[in-house]
Amino acid sequence: TSGLLENMALPMFMFAGGAIGNLIAIIVLSVSRQERKSSAFYTLVCGLAVTDLLGTCLASPLTIANYLDQRVLTYPQVCEFHSFLLLFFGITGLSIICAMAAERYLAICCPYAYQRWGVDRRFAQRFLFFIYINHILFCCLPMMGMARSVLQPSRTWCFIDWRTDEPVPAAYSVLYGVVSLLLILGTIVLNLAVCGALLLMRRRTVQGPVTRASVRQRWRALSSAAETQMIAVLVMTSVVVLACSAPLVVRMFANRFMLKDDPTADLAAIRIASVNPILDPWIYILLRRSLFRRLISLSRHGSSTRSGSSPSPQTNLFYPQLMTDGTVFDQLVCNASLQDSLTAHKKNIIKNWEGSTTTTFLRRVQVDLEPSSCLLQSQTGHFRQE
């Protein structure tokens with residue numbers, strides 16, 4: 001009895017940690033401010049928390065029941081279902097974290113495409129639904145005869161037979177590994193692109209002249225509490241998900257292309273993957289915006305103390321009412337609208353020049369440029385004192 005309790009201690013602890021942590025994370029995300037709940041990024045974060053919670057609540061009870069009765073996973077239907085759960089929640093977590101990285105990349109590096117595609121909460125919900133449906137069909141293929149689920153040598157978990165010599169099951173195991181590897185590489189590349197864009201903008205801000213308030217204000221918006229928290233949550237979650245998922249992907253290729261079997265390494269890989277739902281929610285819980293506001297205020301206070309000047313309030317470039325929760329995307333769109341307006345009036349000026357006398361032309365120019373002048377004054381009046 002004591003040996004049974006010792007064996008069950010680890011899966012029961014992982015089950016309790018994953019379930020309680022993800023429930024707290026979902027509650028924290030649900031009670032957040034309305035603008036956060038309506039954003040695409042936090043919709044994907046909440047989707048990842050729900051996915052981790054479902055994976056923990058569905059897969060862990062089967063593992064615990066198998067410790068109580070080792071005949072549980074010997075039933076073919078139960079073994080196939082357990083294998084489906086591990087396949088589905090493994091690749092779904094990678095897909096959602098890759099979607100989070102892609103959302104941040106579009107918001108920071110491609111704001112016009114971000115607006116044109118209408119990336120918002122509904123878009124993220126539809127994309128999550130697409131991920132779930134697509135991966136359910138993909139992970140149901142072993143049940144349809146494309147691969148075979150087997151009880152692994154440790155007799156504590158089921159997975160696809162990745163050592164088979166049959167061409168179709170072997171092709172499926174390789175396909176699953178390739179898709180997982182592409183998601184991992186895509187997440188890494190997108191995260192590097194986002195961080196590189198932020199560092200490049202920071203370099204331009206430091207090296208540029210002091211009078212360039214536009215670059216300085218845009219960097220302030222990028223380094224606001226909201227944007228900083230999003231990047232921190234993305235980077236930390238990516239590190240955890242990739243570190244937990246990579247060993248299983250490596251073992252899939254090793255079992256497929258290497259002749260030597262290593263059941264101990266396979267068991268270690270699946271246990272590391274099972275730690276992922278336990279660590280993910282604490283990233284959302286610990287990296288709350290209130291904590292980031294305190295950290296950023298402390299950093300700004302320290303920098304202002306070293307420079308001998310008080311910190312300037314954080315305002316956006318064209319809309320002062322958009323404070324720290326505003327995004328750079330709003331500023332870029334407003335800047336673009338001003339530029340398009342001036343371009344249109346420039347074309348009208350050239351058109352009015354043809355066939356007009358000097359007096360008539362000057363009157364038309366005055367009428368034509370009046371809206372742009374008012375727009376420019378209203379958008380730039382608040383930082384003229386600089």
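**Exercise 1.** Which residues in helix 3 meet which residues in helix 10?

*Solution.* A quick setup: this is a predicted model, where local features need pLDDT of at least 70, side-chain atom pairs count only at pLDDT 80 or more, and totals for chains, interfaces and linings use all residues. Residues are numbered from 1 along each chain as its sequence is written, and side-chain values use heavy atoms, with hydrogens and water left out.

Step 1: take contact as heavy atoms within 4.5 Å. Step 2: on the helix 3 side you get Val45, Leu48, Ala49, Asp52, Thr56 and Tyr67, and on the helix 10 side Arg271, Pro277, Asp280 and Tyr284. Step 3: sort the residues of this contact, and you have 6 nonpolar, 1 polar and 3 charged (nonpolar: Ala, Val, Leu, Ile, Met, Phe, Trp, Tyr, Cys and Pro; charged: Asp, Glu, Lys and Arg; polar: the others, Gly among them).

**Exercise 2.** Work out whether Tyr67 is buried or exposed, and find its partner far along the chain.

*Solution.* Step 1: Tyr67 lies in helix 3. Step 2: its relative accessibility is 16%, so Tyr67 counts as buried (buried is under 20% relative accessible area, exposed over 50%, partly exposed in between, with a 1.4 Å probe and protein chains only). Step 3: Thr156 sits 89 residues away along the chain, yet the two C-alpha atoms are separated by 7.4 Å.

**Exercise 3.** Describe the backbone and surroundings of Arg155.

*Solution.* Step 1: Arg155 isn't a glycine, but its phi is positive, about 60°. Step 2: most residues other than glycine have a negative phi. Step 3: Arg155 belongs to the loop between strand 1 (149–151) and strand 2 (158–160). Step 4: with 39% relative accessibility, Arg155 counts as partly exposed.

Technical notes: Helix = DSSP H or I, 4+ residues; strand = E, 2+ residues; numbered from the N terminus.
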